[in-house]
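Reader: I'd like a close look at one part of this model, and I'm after the odd backbone spots and whatever sits around the annotated site. Could you walk me through it in one go?

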Amino acid sequence: MTTPGTNHKINGDRLWDSLMEMAKIGPGVRGGNNRQTVTDEDGEGRHLFRKWCEDAGMSMGVDQMGNMFMRHEGTDPDALPVYVGSHLDTQPTGGKYDGVLGVLAGLEIIRSLNDMKIKTKRPIVVTNWTNEEGTRFAPAMLSSGVFAGMHTQDWAYDREDAEGKKFGAELERIGWKGEEEVGDRKMHAFFELHIEQGPILEAEGKDIGVVTHGQGLSWTQVTVTGKESHTGSTPMPMRKNAGLGMARILELVDEIAWSHKPDAVGAAGHIDVYPNSRNVIPGKAVFTVDFRSPNLSVIQDMEKRLAEGAKKICDEMGLEVELEKVGGFDPVEFDKDCVKAVRDAAERLGYSHRDIISGAGHDACWINRTAPTAMVMCPCVDGLSHNEDEEISQEWATAGADVLFHAVVETAEIVE
């Protein structure tokens with residue numbers, strides 16, 4: 001197998017210009033983006049991406065979940081392709097790089113191959129996965145999940161947004177429901193470049209994160225029920241305070257996560273307290289505990305200790321508690337050969353790097369179930385993401401895309 005040379009690099013200025021041009025579609029209110037899945041803005045972004053790809057000589061395929069597959073031919077059309085990509089949809093108050101960097105870096109690989117007149121044996125397919133974010137239509141990574149057989153297509157089509165609109169109908173409305181059967185494509189390998197969405201790489205001064213694992217996730221919805229009563233006239237010994245029960249359970253969640261440091265994490269992001277009135281002791285609290293770890297046995301231990309501890313807390317306080325697992329997926333170990341290709345590329349190009357575990361879910365986590373997969377990460381300022389203030393430097397984007405180029409092109413096999 002021929003390895004790309006250290007002089008083989010992408011055009012960082014062109015990649016950056018593409019990122020800035022795409023960011024003009026669905027602008028946010030303070031410099032980020034609001035290009036939520038299967039909205040008109042999403043459709044506009046897709047058309048621009050398609051134009052750029054076709055200008056680079058690529059042909060398009062679209063499946064029934066709206067996943068876009070832009071194909072650059074290899075010298076052996078029968079060889080299984082190398083896939084590369086991420087997602088173009090954003091959070092309602094999202095940044096300009098989350099997901100988009102991975103898609104446009106894939107496009108930049110093809111543009112750079114054209115510039116350098118390099119051919120590969122295997123075709124390369126640049127992919128835009130639909131609805132990775134899962135904000136408008138839960139869950140996240142919806143379409144890659146259907147592709148990997150984790151969800152049925154009919155179930156995905158029936159997902160509803162806050163206005164009661166269904167995913168399938170909205171996909172069809174914007175004109176991006178394809179004919180191709182979902183999951184029919186076979187891959188030789190899949191690579192995804194993404195911003196870290198965490199602070200480790202920047203804090204340690206590393207150019208590249210070589211992603212070895214993806215954290216598993218467990219979401220447990222906890223409902224604590226007490227008794228609503230007046231905050232001023234109910235004696236302390238007679239209170240059944242669901243809010244206080246929730247607070248003690250959240251202390252337990254923090255304690256459980258710390259006990260599995262450094263890689264495990266836990267918190268509650270979604271919290272509702274009823275009736276949420278200034279002078280009424282809460283009669284009910286509903287919150288979702290998010291536990292994550294790259295080790296399945298750790299997740300299982302955290303779930304068990306939460307269930308036992310929450311019951312003990314509530315029994316002692318005269319409260320009722322119910323727990324329901326409402327989401328999750330097992331930890332992911334990425335393909336060792338693909339990971340090595342990423343690490344070798346960083347070494348060859350002289351970029352500082354470290355192994356890293358992805359704390360967030362990505363399309364690569366589902367695709368890893370169907371094909372050898374790996375991820376590349378670049379730093380982001382202060383680890384901030386899912387926020388309009390999300391920021392990276394052009395140098396970080398270029399380094400990540402250079403490593404992606406080398407890993408993809410080496411795997412696709414250069415033809416002399």
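To start with the backbone, where is P262 found, and between which helix and which strand?

Author: P262 sits in the loop between α8 (242–259) and β10 (265–274). Keep in mind that this is a predicted model. The peptide bond leading from K261 into P262 is cis, with omega near 10 degrees. On the other side of β10 there's another proline to look at: P275 belongs to the loop between β10 and β11 (280–281). The bond from Y274 to P275 is cis too, with omega near 0 degrees. These are worth a glance because most peptide bonds are trans, and most residues other than glycine have a negative phi.

That last bit brings us to the phi angles. E413 isn't a glycine, yet its phi is positive, about 70 degrees. You'll find E413 in the loop between α12 and β17 (414–415), and with a relative accessible area of 21% it counts as partly exposed. H386 also has a positive phi without being glycine, near 55 degrees.

H386 takes us straight to the annotated site. UniProt, in an unreviewed entry, puts the feature "binding site" at D98, E133 and H386. These residues span 289 positions in sequence, but no two of their C-alpha atoms are more than 9.6 Å apart, so they gather at one spot. D98, E133 and H386 are also among the residues lining the largest pocket.

Take D98 to begin with. D98 lies in the loop that runs between β3 (82–86) and α3 (100–116). Its relative accessibility is just 4%, so D98 counts as buried, the cut-off being under 20%. Setting aside neighbours within four places in sequence, D98 contacts H87, D89, E133, H194, I195, Q197, S385, H386 and E390. So which side chains does D98 pair with through polar contacts? One is the side chain of H87, at 3.4 Å; another is the side chain of H386, at 3.3 Å.

Now for the histidine itself. H386 is in the loop between β16 (373–378) and α12 (394–412). With 40% relative accessibility, H386 counts as partly exposed, whereas D98 is buried. Leaving out residues up to four places away in sequence, H386 touches Q91, T93, D98, E133 and Q197. Notice that E133 turns up in the contacts of D98 and in those of H386, and so does Q197.

Finally, look at the helices that follow those loops. The loop of D98 runs up to α3, and the loop of H386 runs up to α12. The axes of α3 and α12 come within 9 Å and cross at roughly 65 degrees, and the crossing is right-handed. On α3, the contact is made by L101, A105, G106, I109, S112, L113 and M116. From α12, the residues involved are A397, A401, L404, F405, V408 and V409.

Technical notes: Residues numbered from 1 in each chain as written. Predicted model: local features only at pLDDT ≥ 70, side-chain atom pairs only at ≥ 80, totals over all residues. Heavy atoms only, no water. UniProt positions renumbered as here; feature names shortened; annotations may be inferred. 1 Å grid on protein atoms, 1.4 Å probe; cavity = no way out; pocket = protein on both sides within 12 Å on 5 of 7 lines; lining within 4 Å. Helix = DSSP H or I, 4+ residues; strand = E, 2+ residues; numbered from the N terminus. Buried < 20%, exposed > 50% of the residue type's maximum accessible area, 1.4 Å probe, protein only. Contact = heavy atoms within 4.5 Å. Polar contact = N/O pair within 3.5 Å; in protein donor to acceptor, adjacent residues only side chain to side chain. Axes fitted to C-alpha atoms, helices over the stretch in contact; angles between N-to-C directions. Left-handed = near helix turned anticlockwise from the far one by under 90°.
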